[in-house]
Amino acid sequence: MTTSSDLFLTPGSRSHQRCASCGATLPELDASPACPTCGGLLEIVHGAPTLDAASLRASFAQNCCARPLGSASGVWRFESLVMPGAGSSIVSHPEGNTPLLTRAAIDRFAGLDGLRIKHEGHNPTGSFKDRGMTVGVTQAVRLGASAVACASTGNTSAALASYAAQAGIPGLVFVPAGKIAMGKLAQTLGYGARTLMVRGDFDDCLRLVQDAARELGIYLLNSINPWRVEGQKTIVLEMLQQLDWQAPDFIVLPAGNLGNTAAFGKALREAKALGLIDKMPRIVSVQAAGAAPFARAFRENFATRYSVQADTIATAIRIGDPASWDRAVRSIRETDGIVLSCSDDEIIAAKVAIDAAGVGCEPASAASVAGVRRLVQDGVITSSHRVVAVLTGHILKDPGILVDLHQGEQFAGANKPIEIDADVRAVERVLAESAHSEGAR
Ligand code: F0G
């Protein structure tokens, strides 16, 4: 069993960075993008909180409204488990405080009563990336970074651009040309990041930005940055708080570069070790079938690390060589987790159901609900289970797909706009036709 002493330094110690591969340690204010000794991914280790579980829970509840800076932030409320040394450097919109919803229409689609939906699209730039970016950009401020950079399928770039603008630090983003959704590109440009459209895919962008960070001294803010992971842990911490610290049986999320899978595992490991929860939920990571190297490896007990040429309609998770692989393997192993892949058709069917319920999400997000539906059909999830599915991004991130679905010719459930003359009789005819087609259903 993992105990708090395996995961935390002695109480009151300053946080530091540790290489997950070779164990080398670095001070918390070292800007290296990876372990300088072996190239492995870094993780953050904090001093153990001085409070017991009950007092910690009480402090999180109080932090919701007590602090003047970041007072309403669903990230900085958990500061002692995220970045205890942030002090006055915090760059916050604020972010987090996303709702945990239930909707009968989504339950019917998934085949499960009481499915809880954690909607991260309610963050300020419309995705969960804001939780990692508030912490990552705060670290950039602490370091005095001259510029920050990331590779992105669109949401990370929008979040980086927004937080960098607030901090007054130049932002540089690398996105695959022609492969990111319109809403995300528009945000990134509007918030003012220098935007490089790379002729290649996300995996090429990530290699390029890592070289640029190494050679040009720009601070790297992809989710391989361990502070991003610290921020993203708060999706789980906030969800647990909303559930009164009664851990669910399953937490289901879409997976691409595997930063979130890594963050969820770390959050649960720490929450369990601190006694904030008494059982471990199972993490379910859902990939798109055309970008599913991790799902394939899971089926073979992670004997091989695969990479693929990724292709899926869910552009946010169009990633063939996920960077946080080893961290994510640990998350799945330690939570008795599951990795599966869903086809683009399954993902779009889930998106259409989520949209039509009035909730809405971008395509990649719907992979979580598609995954729940599949596991219900397979009998892995049953009516006795408490399940949370995470929606990672807002419906307006990808307006292009909505136009294709509803104004194109292909989709049987299309909700086509109707052009009319400015005449009340025309409205009457539309209402009569709608009543007729409702009756025919
Ligand atoms: N859902 C959305 C909406 C995303 O934007 C991403 C990742 C994921 C899920 C997958 O999360 O990478 O942690 O496994 N988007 C990144 C980006 C890659 O650049 O915005 P992951």
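The questions and answers below go through the sheets, the ligand site and two backbone features of a predicted model.

Residues are numbered from 1 along each chain as its sequence is written. In this predicted model local features need pLDDT of at least 70 and side-chain atom pairs count only at pLDDT 80 or more, while totals for chains, interfaces and linings use all residues, and side-chain values use heavy atoms, with hydrogens and water left out.

Q: What makes strand S1 and strand S2 a pair?
A: Two strands pair if DSSP finds at least two bridges between them, and strands are DSSP runs of E with at least two residues, as helices are runs of H or I with at least four, both numbered from the N terminus. Strand S1 (residues 16–19) is joined to S2 by 3 bridges, and the two run antiparallel, so the definition is met. Within this pairing, histidine 16 stands opposite proline 27 in S2.

Q: Which strands are the edge strands of the sheet with the order S2-S1-S3?
A: This open sheet has 3 strands with antiparallel pairing, and its edge strands are S2 (25–27) and S3 (42–45), each of which pairs on one side only.

Q: Why is one side of strand S8 and of strand S9 left without a neighbour in the sheet?
A: In the open sheet of 4 strands with the order S8-S7-S6-S9 and parallel pairing, strand S8 (194–198) and strand S9 (219–220) stand at the edges with a single partner strand each, so one side of each has no neighbour there. Strand S7 (residues 171–176) is joined to S8 by 5 bridges, running parallel, and phenylalanine 174 has leucine 196 as its bridge partner in S8.

Q: What makes the approach of threonine 153 to the ligand a polar contact?
A: A polar contact is a pair of N or O atoms within 3.5 Å; within protein, one must be able to donate a hydrogen and the other to accept it, and residues adjacent in sequence count only if both atoms are side-chain atoms. A backbone N or O atom of threonine 153 lies 2.8 Å from an oxygen atom of the ligand, so the distance is within the limit. Asparagine 257 likewise places a backbone N or O atom 2.8 Å from a ligand oxygen, and for glycine 259 the value is 3.1 Å.

Q: Which helices supply at least two residues each of the shell around the ligand?
A: They are helix H6 (155–167) and helix H10 (259–273).

Q: What makes the peptide bond between histidine 93 and proline 94 stand out?
A: The bond is cis, with omega about 10 degrees, whereas most peptide bonds are trans. Proline 94 lies in the loop between helix H3 (79–82) and strand S4 (100–101). Asparagine 97, found in the loop between H3 and S4, has a positive phi near 55 degrees, whereas most residues other than glycine have a negative phi.
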